[in-house]
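Here are some exercises to work through with the model open beside you. Try each task before you read its solution.

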Amino acid sequence: GWQRHQQEPRNCSTTMLYRTAMPTLSPSSVALTRLHASTLPRRLPLHGVAGSRQIEQAWMQQLPPHALMQRAGLATARLACALAPHAQRFWIACGPGNNGGDGLQAAALLQAWGRQVEVTLLADPLRLPEDARAAHAEAVAAGVPISTALPTALRAHDLAIDALLGIGASRAPSATLQACIDALHATPAPVLAIDLPTGLDADSGDWLQGGSARQCVHADHTLSLLSLKPGLFTGHGRDAAGMVWWDDLGTAALQAHGACQAGAWLQGAALQPGTATLPAPPPHASHKGSFGDVCIVGGAAGMEGAAVLAARAALHAGGGRVYLGSLSAHATHPTDAELMQRPLQHDSDLASLPLASASVAAGCGGGTAIIRWLPALLQHSARLVLDADALNAIAADTSLAERLRLREQPTILTPHPLEAARLLGCTVAEVQQQRLQSACRLADRLQAMVVLKGSGSVVAAPSDQGIAPVIVHAGNARLATAGTGDVLAGCIAAFWAQAQARQAGGSAWQLAFDTACAAVQAHGHAAEQWPAERGTLTAGQLAAALQRLPG
């Protein structure tokens, strides 16, 4: 069952998701159930615009007229009271669609509960959609002052609510809407966005077409209604949405698989509080071979540290034996004594690495030197992670890309947006504008698993594998330092080695996909757990903070 909490959400030290309790007709005794940040590999379905519309239409046919909007307004009003329990003055900015109707419905309730509500309605009431017209009538009947003007004193409000544009918007806000957005930027009051911040694309997490950061509301809180939207968790969404809450409006939409198949999944959040998770202890009879072998190939001259970071990450993430195949003839960077060093200078040196049985991460600091070794690695590696310079080499060489496509074993690619753009032959802006689609396109093009790194990293598989993409809700700006990508590559290889060692059967593609998701989550979680008082998190410290693959 759900566990209840009465505490203020702003007391939480990390960004979390929340689900509001089933609404009643009272603002008092608001019980909140958190959707916590989690280290567990559980996943929640995400529905974009099309999927959310399908869910909405399915329930509108089953419920009485206006019921969904009434529930949405009630959920908004109750959350507003929970976020600001002593607030008396509210400003609600309402747009011309049903998102504005949700705001009007919330205004009617807040006014009825004794609050002072001021509504800016940027629409002709007679031209509002049917449900929104009914909500407008309720607000008028409740005595809510409604006008097209902005408030004269923004500092007079205790909470502002953004109900300007919902999931149906596709283009940047008009000049009239922009004036409201500017006021929402300027108000010192906390801002609660209904469903998603105005100006944010619900599917991609990018600004609406032709928009910018200035043309998007940056909310302190966002209440996602009916379904969770992928744009809230990737791209600019994590910054624009603030703390995300969810209310299914009594429809159990997240479990309504019959209504609409999830377009993607969210990993790294849980629907109930959980204790800190530690890896399950391995059997006492374990030995180093029980956790698989990892080979790191990279570290060309002048970039030796990248390969060392990947190898150290593999060690700390639980790899049984870690081989470091250095591409530098003058490797002077200090290494851990536990690493099994295998300098690669001659073609025959590759035989010193157990490619046929190990998980291999190649490209970390590989420079142009990695090109020489890629054909053999693509041919002989049982499980291959390609990062950094290996990806750049494949982007520049169609024959290498073809070898990758024809590999019989799964491969995991870990591009950042620029590397993904090179592989797709497009711009970084185009990748970031459609992060989910870009990751899926790249997975199909190269027939490989793709980890598109960034805010809300995306993990995607080739479409013919029947695996929906995952957005991993973990990580923060502490990962924006040199070497953290090398650490991720090593972590993926170590997790993959462990998963393979304990695998009793099943799909090799599913195993690779789940391994990638788990490693991205562990990598991000380690950054989230770094104490602020310790200052900058270096890649070496991040590697040391990793833990073995959970059992």
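## Exercise 1: an unusual backbone angle

L226 is buried, with a relative accessible area of 8%. Keep in mind that this is a predicted model.

**Task.** Find where L226 sits, and work out what is odd about its phi.

**Solution.**
- Start with the location: L226 belongs to the loop between β9 and α6 (237-241).
- Now check the backbone: phi of L226 is positive, about 70 degrees, although the residue is not a glycine.
- As background, most residues other than glycine have a negative phi.

**Task.** Do the same for A388: which loop holds it, and does it count as buried or exposed?

**Solution.**
- A388 is in the loop between β17 (383-386) and α9 (389-396).
- Its phi is near 50 degrees, again a positive value in a residue other than glycine.
- The relative accessibility of A388 is 14%. The cut-off for buried is under 20%, so A388 counts as buried.

## Exercise 2: walking through parallel strands

**Task.** Take strand β8 (residues 191-194) and work out which residues cover each face, then find the strands that it pairs with.

**Solution.**
- Look at the faces first: V191 and A193 lie on one side of β8, L192 and I194 on the other, and all of them are buried.
- Next, go to strand β7 (residues 159-163), which pairs with β8 in the parallel sense over three bridges. Here D162 stands opposite A193.
- Then try strand β9 (residues 221-225): three bridges join β8 to β9, and the two run parallel. A193 turns up again, this time opposite T222.
- Finally, trace the connection. β7, helix α5 (residues 175-186) and β8 form a β-α-β unit, and its hand is right.

**Task.** Follow the chain from strand β4 (residues 89-94) onwards: how many bridges join β4 to strand β5 (residues 116-121), and which residue stands opposite F90?

**Solution.**
- Count the bridges: six join β4 to β5, with the strands running parallel.
- Pick out a pair: F90 faces V117 in β5.
- The link from β4 to β5 goes through α3, and this β-α-β crossover is right-handed.
- Carry on to strand β6 (residues 146-147), which pairs with β5 over two bridges, also in the parallel sense. The bridge partner of V119 in β6 is I146.
- β5, α4 and β6 make another β-α-β unit, right-handed as well.

## Exercise 3: the open sheet

**Task.** Put the 11 strands of the open sheet in order and find its edges.

**Solution.**
- Reading across, you should get β3-β11-β21-β20-β19-β18-β17-β16-β13-β14-β15, with mixed pairing.
- The edge strands are β3 (43-46) and β15 (340-341), since each pairs on one side only.
- For a closer look inside the sheet, take β13 (residues 293-298) and β14 (residues 321-326): they run parallel and are joined by six bridges. V297 has G325 in β14 as its bridge partner.

## Exercise 4: a pocket

**Task.** What is the volume of the second largest pocket, and which residues are closest to its centre?

**Solution.**
- The volume comes to about 460 Å³.
- The lining has 26 residues, and R53, E56, N98, N99 and D102 are the closest to the centre.
- Sort the lining by element: α1 (49-62), α2 (67-83), α3 (98-112) and α4 (130-141) each give two or more residues.
- Sort it by chemistry: 11 residues are nonpolar, eight polar and seven charged.

## Exercise 5: a cysteine and two contacts along the chain

**Task.** Decide how many disulfides there are, using C180 as a test case.

**Solution.**
- The sulfur of C94 is the nearest cysteine sulfur to that of C180, at 8.9 Å. A disulfide needs the two sulfur atoms within 2.5 Å, so C180 is in no disulfide.
- The count for the model is zero disulfides.
- C180 is also buried, with a relative accessible area of 1%.

**Task.** Compare the settings of G485 and Q447.

**Solution.**
- G485 is in helix α14 (residues 484-502) and is buried at 18% relative accessible area. Its C-alpha atom is 8.4 Å from that of K453, 32 residues apart along the chain.
- Q447 is in the loop between α13 (435-446) and β19 (449-452), and at 24% relative accessibility it counts as partly exposed. The C-alpha atoms of Q447 and E408 are separated by 9.8 Å, with their positions 39 residues apart along the chain.

Methods
Residues numbered from 1 in each chain as written. Predicted model: local features only at pLDDT ≥ 70, side-chain atom pairs only at ≥ 80, totals over all residues. Heavy atoms only, no water. 1 Å grid on protein atoms, 1.4 Å probe; cavity = no way out; pocket = protein on both sides within 12 Å on 5 of 7 lines; lining within 4 Å. Points joined across faces, edges and corners; volume = space filled by probe spheres on them. Helix = DSSP H or I, 4+ residues; strand = E, 2+ residues; numbered from the N terminus. Nonpolar A, V, L, I, M, F, W, Y, C, P; charged D, E, K, R; others polar. Buried < 20%, exposed > 50% of the residue type's maximum accessible area, 1.4 Å probe, protein only. Pairing = 2+ DSSP bridges. Right-handed = clockwise from strand over helix to strand, strands pointing away.
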